[in-house]
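Colleague: Please take a close look at the charged pairs in this model, and at how the parts of the chain that carry them are arranged. One connected account would suit me better than a list.

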Amino acid sequence: MDALLQPLQALLLPAFELLGSPITWIEIIAFALAVWMVLCNMRVHMLAWPLAIISSLLYFVLFWSGKLYGEASLQLLFAALALWGWWQWLRGKGEDGKALRVRRLSPQGLAVAVLATLLAWPALGFFLQHQTDSQVPFWDAFPTVASLLGQWLLARKYQENWSVWVLVNVVSVALFAYKGYWLTVLLYAVFIPMSVAGWRAWAQRLPPRAAAA
């Protein structure tokens, strides 16, 4: 893997230091694209998906170089899911056979989502603990698993994706602070109020009956 990343080494050079940690060019570019992506998601704008693909690939390089293998692998999954999400927003259908629109999960759907996350989190944590040299396997595993749920909910235009991102962003702030990725800490801290704003923006797009519920 290191050989494959060799051509990108120039982007891993520090641009400046923040709180004693180097901020690389790749982190700066990924930061800007990720903020732009979330703004597009809030507006249900299709441009969010290509921005997600590019920023995810850049963060893959950053996290892999920092031995955050769960987060790095998550970025590759994000890139793949972004392609699928792009297709969903272009051609996807809801249960009624109509084009996807902003909606809410059913109580049963919410219960399945929570249970799946609670089962997958320790499973991935144990894998990272025993199969990699990750320094924080379970802290690495939780945002990985929860982010996959958030990405699926986003692609299918469920409003609950924003509440998942709030939780993911809070945990990620602590994780990246531990690793010294201070610009990414700032990014995920900014994502928290943006996710709250995204929830409110999508609430305005809900059908009247769902919004009242």
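Modeller: A residue counts as buried under 20% relative accessible area, as exposed over 50%, and as partly exposed in between. The model is a predicted one. Arginine 104 has a relative accessibility of 33% and is therefore partly exposed. This residue is one half of a charged pair: the side chains of arginine 104 and glutamate 160 form a salt bridge, at 2.9 Å from N to O. The pair joins distant parts of the chain, since arginine 104 sits in the loop between α4 (69-91) and α5 while glutamate 160 sits in the loop between α6 and α7, 56 residues apart. Glutamate 160 has 8% relative accessibility, so this partner counts as buried. The bridge thus pairs a partly exposed arginine 104 with a buried glutamate 160.

As a general matter, side chains of opposite charge can pair when their charged atoms come close. In this structure there are three salt bridges, and the one just described is among them. Another is formed by the side chains of arginine 103 and glutamate 95, with 2.6 Å between N and O. Arginine 103 has 10% relative accessibility and so counts as buried, whereas glutamate 95, at 64% relative accessible area, is exposed. Here the arginine is the buried partner, while in the bridge of arginine 104 the glutamate is the buried partner.

Aspartate 96 and arginine 101 also form a salt bridge, their closest N and O atoms lying 3.1 Å apart. Aspartate 96 is partly exposed, because its relative accessibility is 41%. Arginine 101 is likewise partly exposed, because its relative accessibility is 40%.

Now to the loop that carries glutamate 160. The loop between α6 (137-155) and α7 also holds lysine 157. Lysine 157 has a positive phi of about 60°, although this residue is not a glycine. With a relative accessible area of 11%, lysine 157 is buried, as is glutamate 160 at 8%.

The helices on either side of this loop can be described next. In general, two packed helices are described by the angle between their axes and the distance between the axes. For α6 and α7 the angle is about 155° and the axes are 9 Å apart. Angles over 145 degrees count as roughly antiparallel, and α6 and α7 are therefore roughly antiparallel to each other. The crossing of α6 with α7 is left-handed.

Beyond α7 (161-179), the loop leading to α8 (182-203) contains glycine 180. Glycine 180 has a relative accessible area of 8% and so is buried. From glycine 180 to isoleucine 29 the C-alpha distance is 17 Å, with their positions 151 residues apart in sequence.

A comparable description can be given for another helix pair. Helix α2 (residues 25-42) packs with helix α3 (residues 48-65) at an angle of about 150°, with 8 Å between the axes. At that angle α2 is roughly antiparallel to α3. The crossing of α2 and α3 is left-handed, as is that of α6 and α7. The loop between α2 and α3 contains valine 44. Valine 44 is not a glycine, yet its phi is positive, at about 50°. Valine 44 has 18% relative accessibility and so counts as buried. Each of the two loops thus holds a buried residue with positive phi: valine 44 between α2 and α3, and lysine 157 between α6 and α7.

Threonine 24, in strand β2 (residues 21-24), is buried as well, because its relative accessibility is 7%. Threonine 24 and leucine 167 lie 26 Å apart from C-alpha to C-alpha, and 143 residues apart in sequence.

The remaining point concerns a helix next to the loop of arginine 104. That loop runs between α4 and α5, and helix α5 (residues 107-131) includes leucine 110. Leucine 110 is partly exposed, because its relative accessibility is 43%. Together with Val114, Leu118 and Trp121, leucine 110 makes a nonpolar surface patch of about 350 Å².

Note on methods:
Residues are numbered from 1 along each chain as its sequence is written. This is a predicted model: local features need pLDDT of at least 70, side-chain atom pairs count only at pLDDT 80 or more; totals for chains, interfaces and linings use all residues. Side-chain values use heavy atoms; hydrogens and water are left out. Patches are made of residues with over 30% relative accessible area and no salt bridge: like charges are joined within 9 Å, nonpolar side chains (Val, Leu, Ile, Met, Phe, Trp, Tyr) within 5 Å. Accessible areas come from the Shrake-Rupley method with a 1.4 Å probe; for residues, only the protein chains shown count as cover. A salt bridge is a side-chain nitrogen of Lys or Arg within 4 Å of a carboxyl oxygen of Asp or Glu. Helices (H or I, at least four residues) and strands (E, at least two) are DSSP runs, numbered from the N terminus. Buried means under 20% relative accessible area, exposed over 50%, partly exposed in between (1.4 Å probe, protein chains only). Axes are lines fitted to C-alpha atoms, for helices over the stretch in contact, and angles run from 0 to 180 degrees between N-to-C directions. Angles under 35 degrees count as roughly parallel, over 145 as roughly antiparallel, 65 to 115 as roughly perpendicular and the rest as oblique. A crossing is left-handed if the near helix is turned anticlockwise from the far one by less than a right angle, and right-handed if clockwise.
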